[in-house]
Amino acid sequence: MKKIFTYYLKPYYLRMALGFAIKFTGTIMDLFLPWALAHTIDEVVPAGRKEEILFWGLFMIGCSLAAAAFNVLANRMASRVASDAMFTIRGDLFAKVMYLSNRQADEVTRPSLISRLTTDTYNVHQMLGRIQRLGVRAPILLIGGIAMTMALDTALACVLLATLPLLAAVVTLVSRKSIPLFASLQESTDRFVRLVREDIGGIRVIKALSKEDYERKRFDAINREVVDRERKATVITALTNPSMNILLNLGLVGVILVGAWRVNAGTSEVGKILAFMTYFTIILNALMSISRMFVILSKAAASAERISRILEAEDERQFACPDKAGEESSPFHIEFDHVDFSYNKVCNNIEDITFQLKKGETLGIIGATGSGKSTIVNLLMRFYDVDKGAVRINGQNIKSMDLKTLRKRFGTVFQNDMLFEDTIYENINMGRGLTRQQAEKAVIYARAEEFVEEKGGVDQGLDIKGANLSGGQKQRILIARALASGPEILILDDSSSALDYKTDAALRKEIKTHFAGTTCIVVAQRISSVMSADHIMVLEEGRILGYGTHEELMKTCSIYQEIGKSQMGFRREGMG
């Protein structure tokens, strides 16, 4: 919360001060109305001075119009400041999310990041707007109303003031209990978003397995948790208004009783009692506004804390080390030097991984699910930092490279890659400034020309996640994206799983012909995708069990032999 007020609102301090001054003036106009009414009833009307009655009537009309105009203007300025500040906060938060390391994103979780960018920013936006509108008006009405009652009749004002310490105690107690409750509510909301995101994304799998009832029970459980926590938080905050009503109404009863006795005794006037009734309403509304503001502040405080954790976190841009000591020229393009890595820092996911690739060579990586294939890709692109050993490109440790410069070397197709709701061209271009000719060439190299032309060319739009494409068509568009910029290093992480053998073979031929100088790393489940590679790495539980050519591994690596016999045998049966 501190950063929001001291950093993000700093450019708007002058505008906020002007808005506060306008709001203050409009609020003072409101406070003059009951006083003018009491003066007119108690002094002007009994004296029969008609001209003064007209004057004070016009004065009250003028105050009303001025108050309305000033409040509308101040509210518009407050809304503009809140929107502009929130635009900057949301932009910085999104930029920070884009640069969070994968480890940080794993710790926070992606649904929580979505919640912080949506629900939490909304809560803070509400707070910024309300605090400028109610944060000035309500306290001025409260303090001004008390001051005016003191000026009118000190004895009656003291009766009303006796309730204020009790009101302050109620607000303090409720705020102290509600802020932690709203924080836990946001955590439950994160889990709720995560479940909804998973279920919507996997709706076909759920239907295919007839697990609708099972998922509904899971949803009901987390939905109940959110509702229960929200109810608990709102029940606590809902105590404020009735408590204030009871206390202020008791004070009002006391004012009326004491006022009636004083009027009967001739020490007070009817106009003052009427003014007190109006000021009571003003004070009541001010306190209600303050109580509502405390509820908003409670939510916003929890949300601002969650936003600040992301904004103040280190990001990938701070990971790069400019110290290039120890670099040396190397005949190898890519090197893994005795690399160990663990996601949870408890047990290694890969261990003692060592290999070297010369420029233009191809490495095939094959192994069972969870053997560490994609982890090697993640480390090479520095989505995670190695725990032990080193990864080098052209002899330079990638930790000493600027991340943008490093990743511009790559053309990559990941296991679960994303197509966006845009044209085929824009899905290939991805804001990299590629020409249409480059995109069309990449489509040809990816063996996607035929179906792209059938759909109307590269300007044809795609549905979100490429829903209007088949699995194989999606993979070929993704491969075209990776090839379009003419990458120095090409990574294909299980990118041909939806392709038939003929298309897969044709694609590999295109890459070999047109990207001969590109170093390739191909992660695959089937041997046919890697058997022509210069080197093949066989992984098992994070360790290298075999390394060599297809022919060498078929002689020396039992696991590779088993995979080869099962897959090639199956293929021959299917072809026979």
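## Helix α9 and its neighbours

The buried residues of α9 pack against four helices: α7 (164-201), α8 (203-208), α10 (240-265) and α11 (270-311). Those buried positions are Glu 215, Ile 222, Val 226, Ala 233, Ile 236 and Thr 237. Keep in mind that this is a predicted model.

How far apart are the end C-alpha atoms of α9? They sit 37 Å from each other, and since 27 residues (212-238) at 1.5 Å a residue should span 39 Å, the two figures agree.

## The whole protein

Zooming out, the protein has 20 helices and ten strands. Its C-alpha trace stretches over about 115 × 55 × 45 Å along the principal axes. The radius of gyration comes to 35 Å, whereas a compact globule of 576 residues would be near 25 Å.

As for packing, 46% of the 576 residues count as buried. Take the contacts between residues at least 6 apart in sequence, and 77% of them join residues at least 24 apart.

## Surface and charge

About 29,300 Å² of the protein is exposed, with carbon and sulfur atoms supplying 58% of that area. On the charge side, there are 71 positive and 64 negative side chains, and the centres of the two sets lie 4 Å apart.

## Lys 359 in its loop

Lys 359 belongs to the loop that runs between β2 (350-357) and β3 (362-367). Is Lys 359 buried or exposed? Its relative accessibility is 55%, so Lys 359 counts as exposed, the cut-off for that being over 50%.

Even so, Lys 359 has company. Leaving aside residues up to four places away in sequence, Lys 359 touches His 333, Glu 488, Gly 517 and Thr 519. Asn 416 is 57 residues from Lys 359 in sequence, and the two C-alpha atoms are 27 Å apart in space.

## Two residues with positive phi

Most residues other than glycine have a negative phi. Which way do Arg 382 and Met 430 go? Arg 382 has a positive phi of about 55 degrees, though it is not a glycine, and Met 430 also has a positive phi of about 55 degrees without being a glycine.

Both residues are in loops: Arg 382 between α12 (373-380) and β4 (388-393), and Met 430 between α14 (424-429) and α15 (436-445). As for accessibility, Arg 382 counts as buried because its relative accessible area is 4%, which is under the 20% cut-off. Met 430 has 38% relative accessibility, so Met 430 counts as partly exposed.

Conventions
Residues numbered from 1 in each chain as written. Predicted model: local features only at pLDDT ≥ 70, side-chain atom pairs only at ≥ 80, totals over all residues. Heavy atoms only, no water. Helix = DSSP H or I, 4+ residues; strand = E, 2+ residues; numbered from the N terminus. Rg over C-alpha atoms; globule rule 2.2 N^0.38 Å. Buried < 20%, exposed > 50% of the residue type's maximum accessible area, 1.4 Å probe, protein only. Contact = heavy atoms within 4.5 Å. Areas by Shrake-Rupley, 256 points an atom, 1.4 Å probe, with all protein chains shown as cover. Lys, Arg positive; Asp, Glu negative; His and termini not counted. Charge placed at Lys NZ, Arg CZ, Asp CG, Glu CD. Expected span 1.5 Å × (residues − 1).
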